[in-house]
Amino acid sequence: MRWLNRAKLLVGYWRRQSVLGGLPVEFIVETTAKCNLYCPMCPRETYKQPKEDMTEAVFEKLAGDAGESAEHMMLIGLGEPFLDPNIFDRIGSCKKHGIHSLLSTNGTLLDEATCRRILDSSLAHVTLSFDGATKESFEYYRKGAKFERVRDNFLRLARMKAKEKKGPQIVVQMVRMERNAGELDDFIRFWGSQPCVDQVRIKEDETNLMRPDAGHVASDWKYPCHYLWRGPMYVKWNGDTYPCCQSYMLGSEPLGNVERDGLERIWNGAEMQRMRTAHARGRGGDIDVCSRCCTTIPHPVLVTGSLLFHGGTVRKLLPLVERLVYLARIPGRWLTPPRRIPTPAPAPELVQIESRDSNGR
């Protein structure tokens, strides 16, 4: 029973337990390490990736171990999901185990046939990554992609969903960075007006590549990191498992391998216990990867809310919470963002280009 698993995690979080009676409710699963773009903010440019896909044995081991507790599985990582030839089989496997599935795509491969398969699948949520409202900023951050083509691919999916009245929740997402920070209003205005775009998400950059001076200071660790008590855990294509996506991106060693060691043994292993103990004592900054992490630390009230609701519901609410944060409508004490030293050089001025629909209007 998934609600009971969440209750056990919530008790463990409030009691700051190092050994938990429940398993993670969310996972980030890298079903492929292959990608067709170069993005300067992506950690795959620091940690070179092989052209490999996750085997069926690894995926089914994870899904089997997590099947009674996992509520949401994000089929994303350092690869483009639609380069995985088995991605729709993974989506089907998630449904078989009662797990909501999500993926995020760069949009370059969203032809009509792929859009059709998405609408006919059990995929619960798809994030369309579009990092800019102008051609200049988009193509700077998504090298190898064409602004107009990707925009039209995303519009195709949204319009097909609107016409057929079925398909996953569609979220169009922009990661806010230096070159596109002035484009938020135009981005929200355009994508918010499109049929069957359910949400527009403005997300902070959670990597250190574009801002190497970012991280948390010792005083930020008043509250422990929620990842250690609820997930999502990060599972690489080969089964190597990390406490979170940030720990891999920052060069941490894996906790184990899910195919070899099993999920429960990893989740309550010695290293996870060490990390939880440090965070419970307000000393998360003593852990190297945590001190360099760029993820916002939520107040315990928000963590509690994330464990009272099903993981699928939490993912639907997340863009709204983030919008409130970025618009300064949630008190700062509820979320602790990473600190950074301001850079003296201003961002170059960008020229806004008019967005057009697929018919050129």
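I started with R16, which comes out partly exposed at a relative accessible area of 24%. This is a predicted model, so I keep that in mind throughout. R16 sits in the loop between α1 and β1 (26-29). I checked its backbone too: phi of R16 is near 55°, a positive value in a residue that isn't glycine.

Next I looked at K165, since phi there is also positive, near 55°, and K165 is not a glycine. I found K165 in the loop between α6 (147-164) and β5 (169-176). Buried or exposed, I wondered about K165? Exposed, with a relative accessible area of 72%.

While on loops, I went to the peptide bond from G231 to P232 and noted that it is cis, with omega near 15°. P232 belongs to the loop between α8 (227-230) and β7 (233-235).

Then I turned to helix α1 (residues 2-14), which holds W3. I get 52% relative accessible area for W3, and over 50% counts as exposed. W3 joins M1 and L4 in a nonpolar surface patch, with about 350 Å² of accessible area together.

How do α1 and helix α14 (residues 300-308) cross? I read roughly 165° between the axes, which come within 9 Å. That angle makes α1 roughly antiparallel to α14. I also noted the hand of the α1 and α14 crossing: right-handed.

Last stop was R315, in helix α15 (residues 311-326). I have R315 down as buried, because its relative accessibility is 16% and the cut-off is under 20%. R315 and H72 are 243 residues apart in sequence, yet their C-alpha atoms are 8.4 Å apart in space.

Note on methods: Residues numbered from 1 in each chain as written. Predicted model: local features only at pLDDT ≥ 70, side-chain atom pairs only at ≥ 80, totals over all residues. Heavy atoms only, no water. Patch = residues over 30% accessible without salt bridge, like charges linked within 9 Å, V, L, I, M, F, W, Y side chains within 5 Å. Areas by Shrake-Rupley, 256 points an atom, 1.4 Å probe, with all protein chains shown as cover. Salt bridge = Lys/Arg side-chain N within 4 Å of Asp/Glu carboxyl O. Helix = DSSP H or I, 4+ residues; strand = E, 2+ residues; numbered from the N terminus. Buried < 20%, exposed > 50% of the residue type's maximum accessible area, 1.4 Å probe, protein only. Axes fitted to C-alpha atoms, helices over the stretch in contact; angles between N-to-C directions. Parallel < 35°, antiparallel > 145°, perpendicular 65-115°, else oblique. Left-handed = near helix turned anticlockwise from the far one by under 90°.
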